[in-house]
Amino acid sequence: MNEQLQEIRDLARQFAAEQLRPHAEAWDRAAAFPRAVVAQLAELGFLGMLIPEEHDGLGLDTLSYLTALEQIAWGDASVAVAMSVHNSLPTQMILSHGSEAQKEKWLMPMARGELLGGFALSEADAGSDAAALSAQAVRADGGWVLSGSKAWITNGGFGDVMLVMARTDTPGERRGPKGIGAFIVPTDTPGYVVGKKEDKLGQRASETVGIAFEEMFVPDEHLLGDPSQGFLYALQGLNGGRLGVAAVALGIAQAALEHALAYAAERQQFGQPIREFQGMQFKLANLATRIEAARALLHHAAVEKSRKLASMAKLYASETAMYVTTEAVQVFGGYGYMKDYPVERLFRDAKVTEIYEGTSEIQRLVIARELYR
């Protein structure tokens with residue numbers, strides 16, 4: 001890790017330790033996202049890390065971004081997932097496929113944290129099979145009219161701009177993945193309706209909602225690129241999204257390991273700290289090794305920018321987070337099962353990393369297909 005990466009890591013760690021971790025339990029209990037944190041993240045540059053300097057971003061590489069994101073997740077995974085979605089999906093899709101006018105209009109305020117972004121692909125009947133989505137965009141004079149709904153949208157309620165995938169083909173002539181467009185949708189657009197806030201197991205402070213489009217008009221200048229290529233744009237964006245989830249998973253796992261180490265040194269049984277027992281030493285060694293292996297894979301994937309490695313990193317890091325947090329609860333014994341101790345929340349926060357941005361099963365399918373490509 002070079003000096004610049006160390007500085008980024010240390011800055012993110014300090015912010016997480018001072019501004020996130022002391023409040024994470026309360027935010028979890030209230031299931032409420034602290035919007036003021038968005039401004040703090042923006043002030044540090046963490047909402048524009050991958051956006052070029054000409055668009056008011058920091059113009060950093062993926063590894064720098066993931067290094068910061070892991071530390072934010074160490075402080076609070078709910079804040080980290082909001083940061084991850086904003087950085088890896090809407091901003092990068094606009095950067096890669098938007099017109100110069102779109103980049104000028106959207107990327108600068110998003111980099112400055114004036115607009116928080118989200119990504120709307122999944123639907124109630126189109127999760128892993130996302131190409132089966134049914135939200136419809138119909139051509140109209142000067143733009144498109146969107147109707148339908150989306151499910152499980154991070155930042156969908158308090159975010160400011162969504163990248164929405166909707167069908168641009170017609171019901172009588174479906175074109176599968178090639179019949180989907182991507183639209184830049186401000187959340188104050190008439191017809192954008194926020195639905196029920198989900199009551200989740202973990203990452204409870206991160207707002208997850210359903211959204212509906214009620215004959216919502218979107219002007220032509222909000223269509224991103226080719227109206228038949230939106231699904232391809234989304235898949236390309238998801239490679240970065242999966243790296244972000246891997247970093248969030250690592251932050252959760254690292255936090256759980258540190259709590260387990262501290263507790264094993266403090267807890268006395270049979271006249272000695274439980275860390276002195278060989279069984280406990282082996283357990284802690286396994287946890288630390290899994291985390292280091294997952295981090296090395298993630299950093300390799302960040303440099304290589306391969307779809308296969310992105311899926312491998314997401315798969316391995318998320319399953320590592322679930323393994324580490326489960327074992328951390330075991331280290332705490334009965335106390336680990338109580339909400340008074342932080343590993344209980346970390347255990348709940350870890351589970352969804354195996355589900356969102358593509359389940360572990362989907363990652364294995366992607367990896368297998370890439371092996372045969």
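Select the loop between α10 (342-351) and α11 (360-372), and in it pick Glu357. Helices here are DSSP runs of H or I with at least four residues, strands are E runs of at least two, and both are numbered from the N terminus. Glu357 is not a glycine, yet its phi is positive, at about 60°. Its relative accessible area is 15%, so Glu357 is buried; buried means under 20%, exposed over 50% and partly exposed in between, with a 1.4 Å probe and protein chains only.

The model is predicted: local features need pLDDT of at least 70, side-chain atom pairs count only at pLDDT 80 or more, and totals for chains, interfaces and linings use all residues. Residues are numbered from 1 along each chain as its sequence is written, and side-chain values use heavy atoms, leaving out hydrogens and water.

Next, go to the loop between α1 (3-30) and α2 (36-43) and select Ala31. Ala31 also has a positive phi without being a glycine, in this case about 50°. Its relative accessibility is 14%, so Ala31 counts as buried.

Now show the whole protein chain, which has 11 helices and 10 strands. Its radius of gyration is 21 Å, close to the 21 Å from the globule rule for 373 residues, so the chain is as compact as a globular protein of that length. That radius is taken over C-alpha atoms, and the rule is 2.2 Å times the number of residues to the power 0.38. Turn the C-alpha trace along its principal axes: the spans are about 80 × 40 × 40 Å. Of the 373 residues, 57% are buried.
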